[in-house]
Amino acid sequence: MILYGAPMPAPNPRRVRIFLAEKGIDLPETAVSLMQREHKSPEHRARNSLGQVPTLVLDDGTAISETVAICRYFEETQPDPPLFGTTPVEKALVDMWVRRIEFILMTPVGNFWRHAHPRTAALLTQYKDFGESNREAYEGALRWLDQELAERPFVAGETYTIADICALTTVDFADWIGLPVGEEHGRVRAWHGRVSARPSAQA
Ligand SMILES: N[C@@H](CCC(=O)N[C@@H](CS)C(=O)NCC(=O)O)C(=O)O
């Protein structure tokens, strides 16, 4: 089994690394250089037609892409500790929160990165006004998340789940590209401190 990924600050491979660390699964990552555009090579596109990382290739050659799908595979093969919930209600809530974090929190960060950040300027036609408009969208997402975290310690409930991993990697990447969490989002900052204190956050 080979896990293709990329080191920090790439947020999606980090989601898998944190997930594996929480599970106690030792699976070293094989780096695909994003700087050298190796993810767009024919070799990597044969594994993932979108030319993205992470991708997990199983021993029988099956290639699984999409971060949450890769994590789902490991949840099924090694259920403990559970990170996708255990009861039908918990599982549904975790799915709900993963989708919300991906759509509402990650999307503006990704749009800002692609359309407003100098590091990506050479890779695509940037629509700077659109890119910059995502600052406010991300701020709105943080305000919303801050309210939600008044109700519970972790994103999807009383326990740490993959939804926290998705949010943590997004907030850290956002900070790296110049979108820090302001002091007005005190609950997000407190939650960030809690999840960052876990050893897995070093992954
Ligand atoms: N939906 C994918 C997104 C993967 C993704 O965007 N990965 C980034 C690295 S963090 C990448 O490969 N970017 C290059 C590209 O999209 O061309 C997932 O959840 O895994």
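## Ligand site and a buried loop glutamine

The ligand sits in the largest pocket of what is a predicted model. Around the ligand there are 13 residues, of which K40, Q52, V53, E66 and T67 are the closest. Sorted by class, this shell holds five nonpolar, five polar and three charged residues, and the element that gives the most to the shell is helix α1, spanning residues 11-23, with four residues.

Polar contacts between the ligand and the protein include those with N12, K40 and V53, and they are set out in the table below.

| Residue | Protein atom | Ligand atom | Distance |
|---|---|---|---|
| N12 | polar side-chain atom | nitrogen | 3.4 Å |
| K40 | N or O atom in the side chain | oxygen | 2.5 Å |
| V53 | polar backbone atom | nitrogen | 2.7 Å |

N12 and K40 thus take part through side-chain atoms, whereas V53 offers a polar atom of its backbone to a nitrogen atom of the ligand. Taken alone, the ligand exposes 510 Å², and 74% of that area is buried by the protein.

A further polar contact, within the protein, concerns Q126, a residue found in the loop that lies between α4 (88-116) and α5 (128-148). The side chain of Q126 reaches the backbone oxygen of R114 at a distance of 2.9 Å. Because its relative accessible area is 16%, which is under the 20% cut-off, Q126 counts as buried.

Definitions and conventions:
Residues numbered from 1 in each chain as written. Predicted model: local features only at pLDDT ≥ 70, side-chain atom pairs only at ≥ 80, totals over all residues. Heavy atoms only, no water. Near = heavy atom within 4 Å. Polar contact = N/O pair within 3.5 Å; in protein donor to acceptor, adjacent residues only side chain to side chain. Areas by Shrake-Rupley, 256 points an atom, 1.4 Å probe, with all protein chains shown as cover. 1 Å grid on protein atoms, 1.4 Å probe; cavity = no way out; pocket = protein on both sides within 12 Å on 5 of 7 lines; lining within 4 Å. Sits in = over half its atoms within 2 Å of the grid points. Helix = DSSP H or I, 4+ residues; strand = E, 2+ residues; numbered from the N terminus. Nonpolar A, V, L, I, M, F, W, Y, C, P; charged D, E, K, R; others polar. Buried < 20%, exposed > 50% of the residue type's maximum accessible area, 1.4 Å probe, protein only.
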